Amino acid sequence: MLVESAWHYLGCSPHSKDLAKGQVPDPAARRHAAKGVRRLVERRRAMLERGVHKNKANVATARELACWCWAVGRMIENG
C-alpha cells in the first residue's frame, strides 16, 4: 500500500491545498503533514534528477512515507 501511495508523490505539489468547508484540523498536525509532503516531493525529485531508477526512487519514497506515518502515530500516542 505504501509503494502504491508513493507513486502519487510523482505529480504532487509541495504546497498544501485549501481545506473543505468546516474542516478544522489541529494546526500542529497540519504543519507536520505539509512538511512531510514537501520532504517526500523534494526527496523524490532529487533522486530522479540524480538518475536513480524510478522504481528505486518510489520504494525509497514509500520508506520515507512509512517513517512519516510512524511519526504521526507517535505524535498522537504522546498527545
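The following conversation concerns a predicted model of a protein.

Me: How many helices and strands does the protein have?
Reply: The protein has three helices and zero strands. Read from the N terminus, its elements follow the order α-α-α.

Me: What does the C-alpha trace span along its principal axes?
Reply: The C-alpha trace of this predicted model spans about 40 × 25 × 20 Å along those axes.

Me: And what percentage of the residues count as buried?
Reply: The protein has 79 residues, of which 18% count as buried. The exposed area is about 6100 Å², and carbon and sulfur atoms supply 59% of that area.

Me: Which contacts join residues at least 24 apart, as a share of those at least 6 apart in sequence?
Reply: The share is 70%, taken over contacts between residues at least 6 apart in sequence.

Me: Changing topic to the cysteines: how many disulfides does a search of the whole structure find?
Reply: The search finds zero disulfides. C67 is in no disulfide, and the nearest cysteine sulfur to its own belongs to C69, 9.3 Å away.

Me: Why is there no bond between the sulfur of C69 and the closest cysteine sulfur?
Reply: The closest cysteine sulfur, in C67, lies 9.3 Å from that of C69, which is too far for a bond. The cut-off applied to a pair of cysteine sulfur atoms is 2.5 Å, and a disulfide is a covalent bond between the sulfur atoms of two cysteines.

Me: Where is C69 placed?
Reply: C69 is in helix α3, which covers residues 54-78. The C-alpha atom of C69 is 9.5 Å from that of G36, a residue 33 places apart from C69 along the chain.

Me: Are C69 and C67 buried or exposed?
Reply: C69 is partly exposed, because its relative accessible area is 39%. C67 is also counted as partly exposed, with a relative accessibility of 38%. The partly exposed class lies between the limits of 20% and 50%.

Me: What about T61, which lies in helix α3: buried or exposed?
Reply: T61 counts as buried, because its relative accessibility is 2%, and buried means under 20%.

Me: Which residues does T61 touch, not counting those up to four places away in sequence?
Reply: T61, a residue of helix α3, touches A6, Y9, L40, R44 and M47.

Me: One last topic, the charges: how many positive and negative ones are there, and how far apart are their mean positions?
Reply: The protein has 15 positive and 7 negative charges, and their mean positions are 3 Å apart.

Terms used:
Residues are numbered from 1 along each chain as its sequence is written. This is a predicted model: local features need pLDDT of at least 70, side-chain atom pairs count only at pLDDT 80 or more; totals for chains, interfaces and linings use all residues. Side-chain values use heavy atoms; hydrogens and water are left out. Helices (H or I, at least four residues) and strands (E, at least two) are DSSP runs, numbered from the N terminus. Buried means under 20% relative accessible area, exposed over 50%, partly exposed in between (1.4 Å probe, protein chains only). Contact means heavy atoms within 4.5 Å. Accessible areas come from the Shrake-Rupley method with a 1.4 Å probe; for residues, only the protein chains shown count as cover. Lys and Arg count as positive and Asp and Glu as negative; His and the chain ends are not counted. The place of a charge is taken as NZ of Lys, CZ of Arg, CG of Asp or CD of Glu.
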